[in-house]
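Me: I've got a structure open and a pile of labels I'd like to see justified. Can we go through them one by one?

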Amino acid sequence: MKTVRRRACHLALAMCVMVSWSVVRAQVVSVPAPSSSVAAPAAPMAPIPFAPAHHTIITTPSSPDAWGGQRTGKEPTRSDRVVSYTIDARLDAATHQVAATEHMTWRNRSNRPVRHVYFHLYLNAFANDGSLWFTERRVLTAHGRSRGNAVLKKGQWGWIHLQKVQQDGTGLTWSFVHPDGGPATDQTVVRFDLARPVPAGGTLALDIDFLDQLPRVVERTGWWGDFNLVGQWFPKIGVLELPGERGATQVRWNVHAFHFNSEFYADFGSYDVHLTVPSDYTVGAVGHQQGAPVQKDGTITYHFVQGDVHDFAWVAAKNYRILDGSYTGPGSPVVAVRVIYPPEYKASAAPTLKSTIDALGYFSRTLGPYPYRTVTAVIPPYNAQEAGGMEYPTFFTSEGYAKIEPGTLNQYESDFVNIHEFGHGYFYGIIASNEFEEPMLDEGINEYWDDRMMRSRHEDIALATPLMKWLGIVPTLSGFQMERLAATLRHPSDPLAQNSWDRLSSTSYGTVYTRTATAMHDLEERLGKATMEKAMRLYYQRWRYRHPSVADLRQALIDGSGDAKDVNEIFSQFVYGTAHIDDRVADIDAWQVLPKAGVTWKNGQPVTLGSAALDRQIDSQQAAWKKAHPAAAKDQGGPFPWHSMVTVRRDGAPVPETLQVTFADGTRKSVRWDDDRRWARFDFVEPSKVVAAELDPKQQVYLDANKLNDSLTSTSNGVAARRWTADVSVVMQAFYSMLVTL
């Protein structure tokens, strides 16, 4: 998660994007190799193309054998380890620089030789205003709020400098390329021209010396004071996708530039990393620490190893504290859980540990056992919030509070952020979707599962001040209610399946979280909670340690639920489309069914009844009934039935709805409206008339943009149903939030 959200203002955090660069071909800026690099140019051949920069929505499921096929658990390693990194890194705490050497091996999974390889140099996004990241930020910060707004001054920029690249001892040349178009000044993707091609099925080994300058914390990475979060810090090879994988029809490089709102995508592999820092610094990292750290000459060196992951990040901070715990659950190893925190946020340490352990249990029970031996949570210091709310395999950053009281908004925010960032360990970490192209598979589906967990804990958003709590007034809002309020349901701009950069605005990008969670909530209401959980377990089992697409999620939900109709409807309308829902109760009409004047037939003879005689007959029958029922209120029965007609209107996409009507005598009836008519009328002939009508009485359709028009009353009769919707709750929330500030 790239957002550190305040759930009370909620997801108005919306990061966004809408870059439409006209240049899709790769632009190349050559950089001469160091003087020792003398590799001869390779023979020309048709290059392997890049994955599309735009039109990235995938509707065709991947091949069953994509990424080597479904993992059964009987393989020698959990994932198909395509790449391995051995890195030795040393932090200069005074300059916030990291000097490192990297030995990388990579296996060519394709059936053709590879003469050029492409690497991400993510830190160069923070090198200057000419990067794609800053170029997009200038546009996007004008269209909504986002994190990543820090202004970098002299001495605060960040970069990664390649010092030497060798293939089996031979120096290589490199060039900066632009797979998505964008400014020629962007240097976040680099091409290495190999001295010798990597044959089909062959292995490439590279040795890379590089120097990092960490930026002042700007987004996901950087320093503040003696705190250093080191993320996206090493040269990382792109992903070579094969036909049948994530919509690919040919071998292609998926190696997008670092967009403002995008996150990451990489092959599974193994990491063996040595980290040397000042001896008085606390260190945490991805993976399992190997033995005791080694001290020498005022430094301390830590050794971390982790297999079957696709990234590595670490933290080094002075005077930080550690709180340890553990988790034990069926199918999982004993998991060492660690919280690393600054002294000023001691109050957050224990709640962070507890919610992380709780999340280990919930995700293990509902999706699959947690497979790794460690989880490390880092709480950044004050003034480094941009480093919070970010995930890496077995390692995440959260946010800190000076004070957390049970039942407060702070507790909800703390718990939700911890659970959300841990949850990424499943959806970003183990399932490993492409966060560049399909952010809904990570941010959105994870947000949905997090809201489910909060619901299972009966933990809602408390909207009360201390005075209100003392008075016993504690209004709450559920996580799913908050999601729908921030989901821009009236006028969605982009399909949920859209990539992270081709978006109208920051608000539109924010709906990756909120509208996905809302759509999945509504799908769950249609399928049933147990069926939805079964389908999601299938998705996890089928795609763990692989890289699914949105189309693969859809297929797993269909296969797991057996309900293609509802799954396809949600996906076509909201995942692949921009439909909106707004069903409403338009009118209630009611009249008594009285005897009619005119000719009727009785015993084969015509009987004529005039209006005067008819009135006398009606009055007589009503008087007799009233005498027999002296306690009956007006409109609550009589000698004649009532004919009521309820008209409903549809101003958006069709969705199955329940219409519940309440009669004057307090009885109720329900009917289904599950066709695609733009309007419908429902007739009821009963002893008393309809006084209230309500669509979705159980509050299951959260995608409906306006819940206030779902109900209508024809009278102020106190028996009629009263309805408190999420839309009313948000008005209350705004009021109480105002009180909090006073």
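Reply: Sure, here are the labels and the reasoning behind them, bearing in mind that this is a predicted model.

Me: Why is Ser505 called buried?

Reply: Its relative accessibility is 13%, and buried means under 20%, so Ser505 makes the cut. You'll find Ser505 in the loop between helix H6 (479-485) and helix H7 (506-527).

Me: What makes the link from Ser505 to Ser508 a polar contact?

Reply: The side chain of Ser505 reaches the backbone nitrogen of Ser508 at 3.1 Å. The limit for a pair of N or O atoms is 3.5 Å, so this pair counts.

Me: And Arg321, why is that one "partly exposed"?

Reply: Arg321 comes out at 43% relative accessibility. Buried would need under 20% and exposed over 50%, so Arg321 lands in between. Arg321 sits in strand E21 (residues 321-327).

Me: What does Arg321 touch, leaving out residues up to four places away in sequence?

Reply: Val339, Ile340, Tyr341 and Pro343. Take Tyr341: it is 20 residues from Arg321 in sequence, yet their C-alpha atoms are 5.4 Å apart.

Me: Why does Ile473 get the "partly exposed" label?

Reply: Ile473 has 37% relative accessibility, and the label covers values between the 20% and 50% cut-offs, so it fits. Ile473 is in the loop between helix H5 (466-470) and strand E27 (476-477).

Me: Which residues form a nonpolar patch on the surface with Ile473?

Reply: Leu467, Trp470 and Leu471 join Ile473 there, and together the patch has about 480 Å² of accessible area. Patch members need over 30% relative accessible area, and Ile473 at 37% clears that, so its accessibility is no bar to membership.

Me: How do you know that Arg542 and Asp559 make a polar contact?

Reply: Their side chains come to 3.1 Å, and the cut-off is 3.5 Å, so the pair qualifies. Arg542 lies in helix H8 (residues 529-543). Beyond its sequence neighbours within four places, Arg542 is also in contact with Gln70, Gln555 and Ala556.

Me: Which residues have the most contacts inside the largest nonpolar core?

Reply: Trp106, Val117, Phe192, Trp233, Phe312, Trp314 and Phe363, in a core of 174 residues. Trp233 is in contact with Phe312 and Trp314, among others including Ile87, Leu123 and Phe210. There's also a second, separate core of 14 residues, including Val648, Trp673, Ala693 and Leu695. In soluble globular proteins, nonpolar side chains do tend to be buried together.

How values were computed:
Residues are numbered from 1 along each chain as its sequence is written. This is a predicted model: local features need pLDDT of at least 70, side-chain atom pairs count only at pLDDT 80 or more; totals for chains, interfaces and linings use all residues. Side-chain values use heavy atoms; hydrogens and water are left out. Helices (H or I, at least four residues) and strands (E, at least two) are DSSP runs, numbered from the N terminus. Contact means heavy atoms within 4.5 Å. A polar contact is a pair of N or O atoms within 3.5 Å; within protein, one must be able to donate a hydrogen and the other to accept it, and residues adjacent in sequence count only if both atoms are side-chain atoms. A nonpolar core is a set of buried Ala, Val, Leu, Ile, Met, Phe, Trp, Tyr and Cys residues joined through side-chain atoms within 4.5 Å. Buried means under 20% relative accessible area, exposed over 50%, partly exposed in between (1.4 Å probe, protein chains only). Patches are made of residues with over 30% relative accessible area and no salt bridge: like charges are joined within 9 Å, nonpolar side chains (Val, Leu, Ile, Met, Phe, Trp, Tyr) within 5 Å. Accessible areas come from the Shrake-Rupley method with a 1.4 Å probe; for residues, only the protein chains shown count as cover. A salt bridge is a side-chain nitrogen of Lys or Arg within 4 Å of a carboxyl oxygen of Asp or Glu.
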